[in-house]
Amino acid sequence: MTDGRYALELVDVRKSFGNTEIIRGASLAVAPGERVGIIGPNGAGKSTLFNLISGRFAPTSGAIVLNGKPIGGLPPYQINRLGLSRSFQISNLFGRLSVFENLRCGVLWSLGYRYAFWKFLADLRDANERAEQLMHMIKLDRKRETLAMNLTYAEQRALEIGITIAGGADVVLLDEPTAGMSKSETTRFVELIREVTVGKTLLTVEHDMGVVFGLADKIAVLVYGEVIAFDVPSAVRGNAKVREAYLGSALADAQVAGH
Ligand SMILES: Nc1ncnc2c1ncn2[C@@H]1O[C@H](COP(=O)(O)OP(=O)(O)OP(=O)(O)O)[C@@H](O)[C@H]1O
């Protein structure tokens, strides 16, 4: 069972929608600082699993434990306050605000300043400093005043990651971070993810096998709502069960796509 050694632990997590069980006893134990890629065929339940971990859905049963604290069924903002932050596939930026302003909003939001404007003003200097740091980390210094809507797609995704880590969460969930990017953008972006998540625990859902195998310390393979393998990339690649259920075809697709 759970013993607090892990940054994130799932123990026999189940989720049904109506009569259909989508997550069917998923278990996973992620050590602090580990980068985990979650892969699996379409409809395997990867997004559902992210929604359970980040609090959008409550599990039907089982435990989800963040840094030793049970979080299953808590609302997203509470889970966020406990140190877990999630980015979305769909852009979550304020298009008419600049890069800097978007980051500062992310910092202030994470500090809980959404409504207390007086507190907001008092701590604005700290927030400005943190936003500057983040802007540097995501390499958008030169785009400081550019409105988010005028950034390239890859820059928007970088900004989104900046906002995701703005609050200093130590567990970060990235949903298909390189989706829609060209091959060269993807290569640069994987490097950026690696840099900004140093020392953090990272979970990504990713369809691009090149990205997963390049970025992840460990890979979790989800098939029909069950984690059928959770191991280092070389072991997952050689796992007969995985190849049969999923990876053979996924790798073939990746080769066709030129990865
Ligand atoms: N809110 C919901 N209500 C009912 N069914 C749902 C809901 N969310 C997801 N599902 C179903 O759960 C299954 C798993 O979906 P999910 O999006 O988690 O898979 P996935 O592995 O992320 O797929 P993909 O790789 O295509 O994004 C699908 O059959 C989907 O229709």
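Let's start at a hairpin: strands S9 and S10 form one with two residues between them, and Tyr224 in the turn has a positive phi of about 45°. Strands here are DSSP runs of E with at least two residues, helices are runs of H or I with at least four, and both are numbered from the N terminus. This is a predicted model, where local features need pLDDT of at least 70, side-chain atom pairs count only at pLDDT 80 or more, and totals for chains, interfaces and linings use all residues. Residue numbers run from 1 along each chain as its sequence is written.

Within the hairpin, S9 (residues 218-223) pairs with S10 (residues 226-231) in the antiparallel sense over five bridges; pairing takes at least two DSSP bridges between the strands. S9 also joins S3 (residues 35-39), this time in parallel, through four bridges. Val221 is a handy landmark: in S10 it stands opposite Ala229, and it is also the bridge partner of Ile39.

Now move to helix H7, residues 183-196. Its 14 residues should span 20 Å (1.5 Å times one less than the number of residues), and the end C-alpha atoms are indeed 20 Å apart. Thr186, Phe189, Val190 and Ile193 are its buried residues, buried meaning 20 or more other C-beta atoms within 10 Å of the residue's own, with C-beta atoms placed from the backbone. They sit on the same side of H7 because they cover an arc of only 105°, taken from the directions from the helix axis to the C-beta atoms. Their packing partners are helix H6 (153-164), strand S7 (171-175) and helix H8 (209-215), a contact being two such C-beta atoms within 7 Å. On the other side of H7, Ser184 and Glu195 are exposed, with 12 or fewer C-beta neighbours by that 10 Å count.
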